[in-house]
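Grab a pencil and work through these exercises with the structure open beside you. Try each task yourself before you read its solution.

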Amino acid sequence: MREKENSKKIEINEEMKELVIARVEAQVPSNLSLSIGNFGRMSKAKMLEHIRKGDGIGKKIIESHIRFLRAQSSGEVTRALVSVG
Amino acid sequence: MKKGIIITLPRHDDVTEYLSVFSKEILEIAESNNILCRKLFDKEANKENFERVINKTNHKLIVFNGHGTENSICGYADEPIVKEKANEQILSDKITYARTCDSASSLGHASMQNNKGGCFIGYSLPFQFYCDETWKGNPAKDPVAPLFLEPSNLIPISIIKGRTTSEAHFSSKKAILKNMKKALRRADSDSLAIAEALWNNYYGQTLIGNKKAEL
């Protein structure tokens, strides 16, 4: 169980940051707000601000996106979705 | 041990307001299943009150709505209610569902270290959900938040209905995946964002302790 938690840590680089900025810009409509962590609700503009700053919440958002992308590319998402029929 | 539930409903910011509104489903099902329910609203959701209530009622199922850290579960105004190396042992014989961020990373494990048949279900990542700002003043009508909060509600609801902690945990994860599929099939402008945040909750949802615990 602790091994899975260790694998949750992601080393973030500039390329990842730019990728996630592009994803949020393209995929998050402006009528949605995200609640994540203790940071309350964030508009799309606030999400982008935090990602660009690279602060604590910005890093959490980047990690979440990168984790999803990795799970998609490894097939883990597809396998999980297929498992529910 | 009496069949009962203690639930915190802090409501001190937008996030906790949403969690509390969507907890109504849990409360209704508890009532219809004749489960005693002790609600800690707003400022009642503090450490002293929680400890007093748990000692007095000995209710087995605990549902925390609120913010959290790796080492703590918070109540009103983000003050810790349960904190590692302080009072985590209070959960050792309980079934706990922590709808908070990160608390399964460390506190969950600590609380189950001297496990007395208890179980901790929570998140080892920040719990996420999207809301539709159009419905900010009326969360109950928000069409987006239920995609996240209804699968989450399934954990305590399944336990209330007699399922084991393992069954509840996997029912919830299955419901998350079904909502991911629903979102992706719609292929709307928000589908990928919703799927990504749902995956975060699916990946981070963790069961620690007794998988066969029942209410």
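## Exercise 1: The sheet in chain B

Chain B holds an open sheet of 6 strands in the order 2-1-3-6-7-9, and its pairing is mixed. Keep in mind that this is a predicted model.

**Task.** Work out which strands stand at the edges of this sheet.

**Solution.**
- Step 1: Read the strand order, 2-1-3-6-7-9, from end to end.
- Step 2: Strand 2 (36–41) and strand 9 (205–209) of chain B each have a single partner strand, so one side of each is left without a neighbour in the sheet. These two stand at the edges.
- Step 3: While you're looking along the sheet, note its twist, which averages 15° from one strand to the next.

**Task.** Find how many bridges join strand 7 of chain B to strand 9 of chain B.

**Solution.**
- Step 1: Locate strand 7 at residues 119–123 of chain B; strand 7 and strand 9 run antiparallel.
- Step 2: Count the bridges between them, and you get 5.
- Step 3: Check one pair: Tyr123(B) has Gln205(B) in strand 9 as its bridge partner.

**Task.** Name the strands that helix 2 and helix 3 of chain B lie against.

**Solution.**
- Step 1: Helix 2 (residues 24–32) of chain B lies across strand 1 (4–9), strand 2 and strand 6 (95–99) of that chain. Its direction is at about 160° to strand 1 of chain B.
- Step 2: Helix 3 (residues 47–57) of chain B touches strand 1, strand 2 and strand 3 (61–65) of chain B. Here the angle with strand 2 of chain B is about 170°.

## Exercise 2: A sheet built from two chains

**Task.** Look at the open sheet of 3 strands and say which chain gives which strand.

**Solution.**
- Step 1: The order is 2(A)-1(A)-8(B), so to speak a shared sheet, with antiparallel pairing.- Step 2: Strand 2 (41–42) of chain A and strand 8 (128–132) of chain B stand at the edges, each with a single partner strand, so each has one side without a neighbour in the sheet.
- Step 3: Strand 1 (residues 32–36) of chain A is joined to strand 8 of chain B by 5 bridges.
- Step 4: Pick out partners: Leu34(A) pairs with Tyr130(B), and Ile36(A) stands opposite Gln128(B).
- Step 5: Add the helix. Helix 1 (residues 14–22) of chain B lies across strand 1 and strand 2 of chain A together with strand 8 of chain B, at about 90° to strand 8.

## Exercise 3: Where the chains meet

**Task.** Describe the contact between chain A and chain B in numbers.

**Solution.**
- Step 1: Chain A gives 34 residues to the contact and chain B gives 44.
- Step 2: The two chains bury about 3,500 Å² between them, with 60% of it on carbon and sulfur atoms.
- Step 3: The rule finds 10 residue pairs in polar contact across the interface.
- Step 4: On the side of chain A that touches chain B, helix 4 (56–74) is one of the elements that give two or more residues. Helix 4 of chain A has the largest share, 6 residues.
- Step 5: Sorted by class, that side of chain A has 13 nonpolar, 12 polar and 9 charged residues.

## Exercise 4: Charged pairs

**Task.** Find the salt bridge that crosses the interface, then look at one inside chain A.

**Solution.**
- Step 1: Recall that oppositely charged side chains can pair when their charged atoms come close.
- Step 2: There are 12 salt bridges over all chains, and 1 is found across the interface of chain A and chain B.
- Step 3: That bridge links Glu133(B) and Arg41(A), at 2.8 Å from N to O.
- Step 4: Inside chain A, Glu49(A) forms a salt bridge with Lys53(A), with 3.5 Å between the closest N and O atoms.
- Step 5: Glu49(A) and Lys53(A) are 4 residues apart in helix 3 (residues 44–53) of chain A, so about one helical turn separates them.

Definitions and conventions:
Residues numbered from 1 in each chain as written. Chains lettered and ligands numbered in written order. Predicted model: local features only at pLDDT ≥ 70, side-chain atom pairs only at ≥ 80, totals over all residues. Heavy atoms only, no water. Pairing = 2+ DSSP bridges. Contact = heavy atoms within 4.5 Å. Axes fitted to C-alpha atoms, helices over the stretch in contact; angles between N-to-C directions. Buried area = accessible area lost by both parts, 1.4 Å probe. Salt bridge = Lys/Arg side-chain N within 4 Å of Asp/Glu carboxyl O. Polar contact = N/O pair within 3.5 Å; in protein donor to acceptor, adjacent residues only side chain to side chain. Nonpolar A, V, L, I, M, F, W, Y, C, P; charged D, E, K, R; others polar.
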